[in-house]
Amino acid sequence: MFTAIFGSFEAGIIYAIMAIGVYLSFRILDFPDLTVDGSFVTGGAIAAILITNGVNPFIATLLALVAGFLAGCMTGILHTFGKINNLLSGILMMIALYSINLRIMGRSNLPLLNTETIFTKIGDLFEKIGIDSTLNHVLTLIGLGDSLPETWGILIFMFIVTFLIKFITDWFLKTEIGLAIRATGDNQRMIRSFSANTNLLTVLGLGLSNALVAFSGALIAQQGGFADVGMGIGMIVIGLASVIIGEALFGTKTIARTTLAVIGGSIIYRIVVSIALRFEFLEPGDMKLITAIIVILALTMPKIVDRSKEKKRKARRKAEKINIIKASVKGENHAAIKSDS
């Protein structure tokens, strides 16, 4: 169980970057962007093909981020300048990226076996420093010696990277451009009255969103050891699940709290899926079904809880009114008896 939860935590912190990207388009811009399913694969494909051709994995991952930015900008251009419906523009770009990703990789699956990735470099570094052996020794002392992870490097490195991206996102959304993008998602007509170019702001917002998605895809490909043309199927749903779960559990009072909630939602989502797949009647192929059920529960449960609270509140008010009426009637009767006497 410890190994399964550790793996889920590790994957969740990587997917959290993708979830922050979905949050930017879905919540900040109010744009249901299905480009995510394609740009996630684009990030993995570019990172994989460059790494297999001897490019430094850090440079390959950054180039994957740039490719995701361009893909998002294209979706924004289709919507703003091409006047295509936002949902349709995302679908069109997602379909186009399927063929583009096949062109990039040259085949449907590209393995990264016996290649040096970011995570192999980080793993080697942690092994040399001795962090892995120290942490594993501590776990052995507390009785978890039978389920030790191969390396702590991926988790610690990704924790730093993900929270760095979170803090940069928080800062950016408080800048003048960031506030303009937020205003564009809230009320385009209002922000246009201040002479803001909402078209360019939408393009920029979608570009940044898909840049993070592609960055996450590049990291997932390196963690899994392969890039596959179908690895992005359902990513938009997974991203939305992370956003909705996080918001429901941790709240959305401030931008900083919301981005933290998205990261927490991504980790919780992965842990829930991992635990669910441990049941004998469920198979790995049921993962999409589990995702759909989690999203449905995350969407409906808060409403059911609010409805229940509202009913209790109404019942309490009704009881208070009845008590007031009873008290007033009792007082009138008492006064009438007193006057008669």
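Helix H2 is largely enclosed by the rest of the structure, because 14 of its 17 residues are buried. The model is predicted. H2 covers residues 36-52 and reaches 24 Å from its first C-alpha to its last, close to the 24 Å expected at 1.5 Å a residue. The points below take up the surroundings of H2, the loops, the salt bridges, a charged patch and a buried threonine.

**Around helix H2**

- Glycine 54 follows H2 and has a positive phi, near 90°.
- On the other side, the loop between helix H1 (2-28) and H2 holds aspartate 30.
- Aspartate 30 is not a glycine, yet its phi is positive, at about 55°.
- Aspartate 30 counts as exposed because its relative accessible area is 55%, and the cut-off for exposed is over 50%.

**The loop between E1 and H5**

- Asparagine 114 sits in the loop that runs between strand E1 (109-111) and helix H5 (118-129).
- This asparagine is another residue other than glycine with a positive phi, here near 55°.
- With a relative accessibility of 86%, asparagine 114 is exposed.

**Salt bridges**

- The structure has 4 salt bridges; those described here include one in helix H7 and one in helix H13.
- Glutamate 116 and lysine 121 are joined through their side chains in a salt bridge, with 3.2 Å from N to O.
- Glutamate 116 is partly exposed, at 45% relative accessibility.
- Its partner, lysine 121, is also partly exposed, with a relative accessible area of 27%.
- In helix H7 (residues 153-172), aspartate 170 and lysine 166 stand 4 residues apart, about one turn of the helix.
- The side chains of aspartate 170 and lysine 166 form a salt bridge of 2.7 Å, N to O.
- Both aspartate 170 and lysine 166 are buried, that is, under 20% relative accessible area.
- Helix H13 holds glutamate 310 and arginine 313, which are 3 residues apart, about one turn of the helix.
- Glutamate 310 and arginine 313 meet side chain to side chain in a salt bridge of 2.5 Å, N to O.
- An α-helix has 3.6 residues a turn, so residues three or four places apart point the same way.
- Glutamate 310 is partly exposed, its relative accessible area being 29%.
- Arginine 313 is partly exposed as well, at 33% relative accessibility.

**Positive patch**

- Lys309, Lys312, Lys314, Arg316, Arg317 and Lys321 form a patch of positive charge on the surface.
- One of these residues, arginine 316, belongs to helix H13, which covers residues 287-340.
- Arginine 313 exceeds the patch cut-off of over 30% relative accessible area, but a patch takes only residues with no salt bridge, and arginine 313 has one with glutamate 310; therefore arginine 313 does not qualify for the patch.

**Threonine 258**

- Threonine 258 is part of helix H12 (residues 255-276).
- Threonine 258 is buried, because its relative accessible area of 4% falls under the 20% cut-off.
- From threonine 258 to leucine 219 the separation is 39 residues in sequence and 23 Å in space, C-alpha to C-alpha.

Key: Residues numbered from 1 in each chain as written. Predicted model: local features only at pLDDT ≥ 70, side-chain atom pairs only at ≥ 80, totals over all residues. Heavy atoms only, no water. Patch = residues over 30% accessible without salt bridge, like charges linked within 9 Å, V, L, I, M, F, W, Y side chains within 5 Å. Areas by Shrake-Rupley, 256 points an atom, 1.4 Å probe, with all protein chains shown as cover. Lys, Arg positive; Asp, Glu negative; His and termini not counted. Charge placed at Lys NZ, Arg CZ, Asp CG, Glu CD. Helix = DSSP H or I, 4+ residues; strand = E, 2+ residues; numbered from the N terminus. Expected span 1.5 Å × (residues − 1). Buried < 20%, exposed > 50% of the residue type's maximum accessible area, 1.4 Å probe, protein only.
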